[in-house]
Amino acid sequence: MAGHKLQCKNCFSALELPNGICPVCGWDNKKSQIHEGLEYGTVLNAHYQVGRAKSMNGEGITYAGFDTTTKKMVDIREFYPVSIAARQEDGCILAQQGKENDYEEYLEKFVEMSKNVSRIREVTVVVSILDIFEENYTAYAIYEYVPSVTLRRYVENKGVLSWNEANNLFMPVLTALGLMNSLGLHHLGLSPETVRFTTEGNLLITAFSIEEARRVGTSLIEELHAGSAAIEQYEPDAVCGEITDV
């Protein structure tokens, strides 16, 4: 577990060999961290331990993480817009010359978006944010880790959903979207990859990012999910909002 000398970089279970296959989750610990990511074992805010990078887009990186205080796994979201910033040797993120204003603006939006997500923690179909803090000249959002698979994988394994099954799964999601947008919170990246199916049999909205990472025409690398992004996300001056998510 957390106090064990050797840990899996994916699930943080104890390992017998530092570069072995994890007997719990099957992760191959010989795999290196992505070039852009924080080093394995980095500790943030004195108690969040960084594991493997799980995903990355134009806004930042999501890592597997471990809270050494609660002894629970978490997901760590780091604001790191690679198109306008670079990581220094000490792990800090610095804006590129001439991109300082964009960096500060998007960082502020990342923190505000994270605060809005944290305000709807009681909505069970929205992944919960447990903590938000600034460090390394950037910001981090700590998300609750929820065992799940992508909606795509769930449907591929199960086959066609009946109307009743689809209705029971998606109505809570649509209700949650109404609440989110009433707070000015737009996801803009809903897809079979970012909506996940939990072990409790419910759908979960995950992978939040600021609007600038999910539309063309900004200084960030856009993330537009094929077959799921709306037309207005491809038009720099169009308005995105609740209708985009729905």
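Start by selecting Leu177 and Asn181: a polar side-chain atom of Asn181 sits 2.8 Å from the backbone oxygen of Leu177. That pair is a polar contact (N or O atoms within 3.5 Å; within protein, one must be able to donate a hydrogen and the other to accept it, and residues adjacent in sequence count only if both atoms are side-chain atoms).

Before you go on, note that this is a predicted model, in which local features need pLDDT of at least 70 and side-chain atom pairs count only at pLDDT 80 or more, while totals for chains, interfaces and linings use all residues. Residues are numbered from 1 along each chain as its sequence is written, and side-chain values use heavy atoms, with hydrogens and water left out.

**Stop 1: around Asn181**

Keep Asn181 selected and add Glu242, whose backbone nitrogen is 3.3 Å from a polar atom of the Asn181 side chain. Asn181 belongs to helix 3, residues 163-182; helices (H or I, at least four residues) and strands (E, at least two) are DSSP runs, numbered from the N terminus. Is Asn181 buried or exposed? Asn181 is buried, as its relative accessible area is 10%; buried means under 20%, exposed over 50%, and partly exposed in between, with a 1.4 Å probe and protein chains only. Leaving aside neighbours within four places in sequence, the residues in contact with Asn181 are His186, Gly241, Glu242 and Asp245, where contact means heavy atoms within 4.5 Å.

**Stop 2: the largest nonpolar core**

Next, select Ile76, Val126, Ile205 and Phe208, which touch the most other members of the largest nonpolar core, a set of 52 residues. Such a core is a set of buried Ala, Val, Leu, Ile, Met, Phe, Trp, Tyr and Cys residues joined through side-chain atoms within 4.5 Å. Helix 1 (residues 100-118) gives the most to this core, namely seven residues. Another core, of five residues, lies apart from it; Cys11, Leu15, Cys22 and Trp27 are among them.

Now show helix 1 alone. Its 19 residues should span 27 Å at 1.5 Å a residue, and the end C-alpha atoms are indeed 27 Å apart; the expected span is 1.5 Å times one less than the number of residues. Buried residues of helix 1 include Tyr103, Phe110 and Met113. Which strands do the buried residues of helix 1 pack against? Colour strand 4 (72-79), strand 5 (85-87), strand 6 (93-95), strand 7 (129-135) and strand 8 (138-144) to see them.

**Stop 3: strands 9, 10 and 11**

Switch to a cartoon of strand 9 (residues 148-150) and strand 10 (residues 195-198), which run antiparallel and are joined by three bridges; two strands pair if DSSP finds at least two bridges between them. Val149 has Phe197 of strand 10 as its bridge partner. Strand 10 also pairs with strand 11, antiparallel, over three bridges, with Arg196 partnered by Leu204 in strand 11. Four residues separate strand 10 and strand 11 in a hairpin, and Gly201 in the turn has a positive phi of about 90 degrees.

**Stop 4: two loops**

Select Ala207, in the loop between strand 11 (203-205) and helix 4 (242-245). Ala207 is not a glycine, yet its phi is positive, about 60 degrees. Finish at Asn45 in the loop between strand 1 (43-44) and strand 2 (48-56), where phi is near 55 degrees. Ala46 lies in the loop between strand 1 and strand 2 and counts as exposed at 69% relative accessibility. For a last distance, pick the C-alpha atoms of Ala46 and Thr68, which are 8.9 Å apart.
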